[in-house]
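Me: I am new to reading protein models and would like a close look at one part, namely the pair of strands, along with how it fits into the rest of the chain. Please take your time and go step by step.

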Amino acid sequence: MTNEPPRSDLSEPREPVDPSELPAPQMRLLPWTSPGDKPCFLITDGAGGPVSDLADRIEEIQLGIGEELLRHARAMHGDPKVPDREFRYLSRRLAEALGDALRVARN
C-alpha cells in the first residue's frame, strides 16, 4: 500500500489544441441598451447560453409588438373618425417598433 494521491485527469498531459479549430468568438448586439442608452453586446462562441436565450425571447416579443402595431395602424387607416393625437401616438410606437426590428435584423 502506498500513500500516493490518486491520479486525476488534471495531472495527465493534454494534447495541445490548435486555435484555428476553436470557434471564433462573435459579438452579438443585444436587444436592450445600458442605462446610458449605449448598445450592449454579448461575446459568444455561437453555442447559445442563458443571456443569448433571453435576448432571443426579447427579440421575439419586440417583433410581436411590431406586428400588433402594424395591424392596429391598418385598422386605424380605415376609420376616418380616428383623432390626430391617436395617429401621432401610434406613429411614435411604430417608430420604436421599427427601430427594434431593424436592430434585430442587423444582428
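Reply: What follows begins with the chain as a whole, turns to the strands, and then moves on to the helices.

The model is a predicted one, and its protein chain contains 2 helices and 2 strands, which come in the order β-β-α-α when read along the sequence. Of the 107 residues in the chain, 19% count as buried, while the accessible surface amounts to about 9000 Å², with 57% of it belonging to carbon and sulfur atoms.

The part you asked about consists of strand β1, residues 26–33, and strand β2, and these two pair in the antiparallel sense over 5 bridges. Between the strands of this hairpin there are 5 residues, and in the hairpin Asp37 takes a positive phi near 60 degrees.

A good residue to look at in this pairing is Phe41, which lies in strand β2, residues 39–44, and which has Leu29 standing opposite. Is Phe41 buried, exposed or partly exposed? The relative accessible area of Phe41 is 44%, and because the partly exposed class covers values between 20% and 50%, Phe41 counts as partly exposed. Phe41 also belongs to a nonpolar surface patch of about 370 Å², which Phe41 makes together with Met27 and Ile43.

From the strands we can move to helix α1, which spans residues 50–77 and includes Ser52. Once its neighbours within four places in sequence are left aside, Ser52 is in contact with Arg28 and Leu42. The relative accessibility of Ser52 is 11%, and since buried means under 20%, Ser52 counts as buried.

Further along the chain we come to the largest nonpolar core, which has 6 residues, namely Leu69, Ala73, Met76, Val82, Leu90 and Ala97. Helix α1 and helix α2, residues 84–106, each supply at least two residues of this core, and α1 gives the most, with 3 residues. One member of the core, Val82, touches Met76 and Phe87 when residues up to four places away in sequence are not counted.

A last value concerns contacts across the whole chain: among those with a separation of 6 or more, 44% are accounted for by residues 24 or more positions apart.

How values were computed:
Residues numbered from 1 in each chain as written. Predicted model: local features only at pLDDT ≥ 70, side-chain atom pairs only at ≥ 80, totals over all residues. Heavy atoms only, no water. Helix = DSSP H or I, 4+ residues; strand = E, 2+ residues; numbered from the N terminus. Buried < 20%, exposed > 50% of the residue type's maximum accessible area, 1.4 Å probe, protein only. Contact = heavy atoms within 4.5 Å. Core = buried A, V, L, I, M, F, W, Y, C linked by side-chain atoms within 4.5 Å. Patch = residues over 30% accessible without salt bridge, like charges linked within 9 Å, V, L, I, M, F, W, Y side chains within 5 Å. Areas by Shrake-Rupley, 256 points an atom, 1.4 Å probe, with all protein chains shown as cover. Salt bridge = Lys/Arg side-chain N within 4 Å of Asp/Glu carboxyl O. Pairing = 2+ DSSP bridges.
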